Amino acid sequence: MIEEIITYLTKTYAPSVILPYGSYASGTNNQDSDFDALVVTDRPGSGHDSSMVAGVRLDVFLYPPQHFQEAFDPEEIVQIFDGTPVVDQEGLGAELLRRVGAYLDAYQAKPRERVAQDVAWCGKMARRCQRGDPEGFYRWHWLLRDSLEIYYDLRGRYFFGPKKALAVMEREDPISYRLYAQALAKLDQAALEAWTGRMEELLENG
């Protein structure tokens, strides 16, 4: 399957770099996973390929070589951090991984005062969710979405998105994972307040 995708990308784009990342790179892919990759090519294109190849949906971002010859923000491609080049004709793929790695090594956590404000916001939002009207339910979903990233700010860790964030939380902090999962599963005020209370506890315990 992966060989078919690489063959398709090679024939379609004649790339100097094919750098898969995400679930197919780490071997954690399942039947719903996209094939994520960064491709560097001289051929003109839309900048993104979402074709279906070998039964797998592609999520491939296309860049011309000159894009990386100019100053660029590594945050733009930070998702490649766990990738491995399968094509890297001039070493650009390895250089991009090095630059992203250096960016992550230099990552500075949010100031504690800012994180405390965000945790307080979560508690306030949880109380406003009790309204039981459309605005209250909107706030409910807003809180559940944003609080995962706030949890990572509490941990002083970079937030790579929900899939990786939840996997790390389940492995490293099963209590928080259980409470967050329960809050996600249903519109239950007690479960929501247990989750926001957990974040307040983590903040207090430093």
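A residue counts as buried when its relative accessible area is under 20%. Keep that cut-off in mind for the views below, which all come from a predicted model.

**View 1. The whole protein, from end to end.**
Welcome to the overview: the protein has 8 helices and 6 strands. Starting at the N terminus, the elements follow the order α-β-α-β-β-β-β-β-α-α-α-α-α-α. Along the principal axes, the C-alpha atoms fill a box of roughly 55 × 35 × 30 Å. The protein has 206 residues, and 39% of them count as buried. Among contacts with a separation of 6 or more, 56% join residues that are 24 or more positions apart. On the outside, the protein exposes about 11,500 Å², with carbon and sulfur atoms supplying 50% of that area. The charged side chains number 22 positive and 32 negative, and the centres of these two sets lie 6 Å apart.

**View 2. Strand S2 and its two partners.**
Here we zoom in on S2, which covers residues 35-40. How many of the 6 residues of S2 are buried? The count is 6 of 6, so by the under 20% cut-off each has little accessible area of its own. In a regular strand the side chains alternate between the two faces of the sheet. In S2, Phe 35, Ala 37 and Val 39 point one way, while Asp 36, Leu 38 and Val 40 point the other way. Strand S1 (residues 17-21) pairs with S2 in the antiparallel sense over 5 bridges, and Ile 18 has Val 39 of S2 as its bridge partner. Strand S5 (residues 56-63) runs parallel to S2 and is joined to it by 6 bridges. Within that pairing, Ala 37 stands opposite Val 60 of S5.

**View 3. Two alanines with positive phi, each in a loop.**
Next, look at the loop between helix H1 (2-13) and S1, where Ala 14 sits. Ala 14 is not a glycine, yet its phi is positive, at about 40°. Its relative accessible area of 45% makes Ala 14 partly exposed. A second example is Ala 54, in the loop between strand S4 (52-53) and S5. The phi of Ala 54 is also positive, near 55°, and at 33% relative accessibility Ala 54 counts as partly exposed.

**View 4. The largest nonpolar core.**
In soluble globular proteins, nonpolar side chains tend to be buried together. The largest nonpolar core of this protein holds 24 residues, and those touching the most other members are Leu 143, Tyr 152, Met 169, Leu 192, Trp 195 and Met 199. Which elements give two or more residues to this core? They are helices H4 (112-128), H5 (134-155), H6 (162-172), H7 (174-185) and H8 (189-205). H5 gives the most, with 8 residues. For a closer look, pick out Leu 192: beyond its neighbours within four places in sequence, Leu 192 is in contact with Ala 126, Cys 129, Trp 140, Leu 143, Leu 144 and Ala 183.

**View 5. Ser 176 in helix H7.**
Is Ser 176, a residue of helix H7, buried or exposed? Ser 176 has 0% relative accessibility, so it counts as buried. Setting aside residues within four places in sequence, the contacts of Ser 176 are Tyr 151, Met 169, Trp 195, Arg 198 and Leu 202.

**View 6. Arg 139 in helix H5.**
This view turns to Arg 139, which has its place in helix H5. Why does Arg 139 count as buried? Its relative accessible area is 14%, and buried means under 20%, so Arg 139 falls on the buried side of the cut-off. Apart from residues up to four places away in sequence, Arg 139 touches Met 125, Arg 128 and Cys 129.

**View 7. Ala 165 in helix H6 and Ala 116 in helix H4.**
Our last stop takes in two more alanines. Ala 165 belongs to helix H6 and, at 2% relative accessibility, counts as buried. Not counting residues up to four places away in sequence, Ala 165 touches Leu 148, Tyr 152 and Phe 159. Tyr 180 is 15 residues from Ala 165 along the chain, and their C-alpha atoms are separated by 12 Å. Ala 116, placed in helix H4, is partly exposed, with a relative accessible area of 29%. From C-alpha to C-alpha, Ala 116 and Asp 153 are 9.8 Å apart in space, and 37 residues apart in sequence.

Notes: Residues numbered from 1 in each chain as written. Predicted model: local features only at pLDDT ≥ 70, side-chain atom pairs only at ≥ 80, totals over all residues. Heavy atoms only, no water. Helix = DSSP H or I, 4+ residues; strand = E, 2+ residues; numbered from the N terminus. Buried < 20%, exposed > 50% of the residue type's maximum accessible area, 1.4 Å probe, protein only. Contact = heavy atoms within 4.5 Å. Areas by Shrake-Rupley, 256 points an atom, 1.4 Å probe, with all protein chains shown as cover. Lys, Arg positive; Asp, Glu negative; His and termini not counted. Charge placed at Lys NZ, Arg CZ, Asp CG, Glu CD. Core = buried A, V, L, I, M, F, W, Y, C linked by side-chain atoms within 4.5 Å. Pairing = 2+ DSSP bridges.
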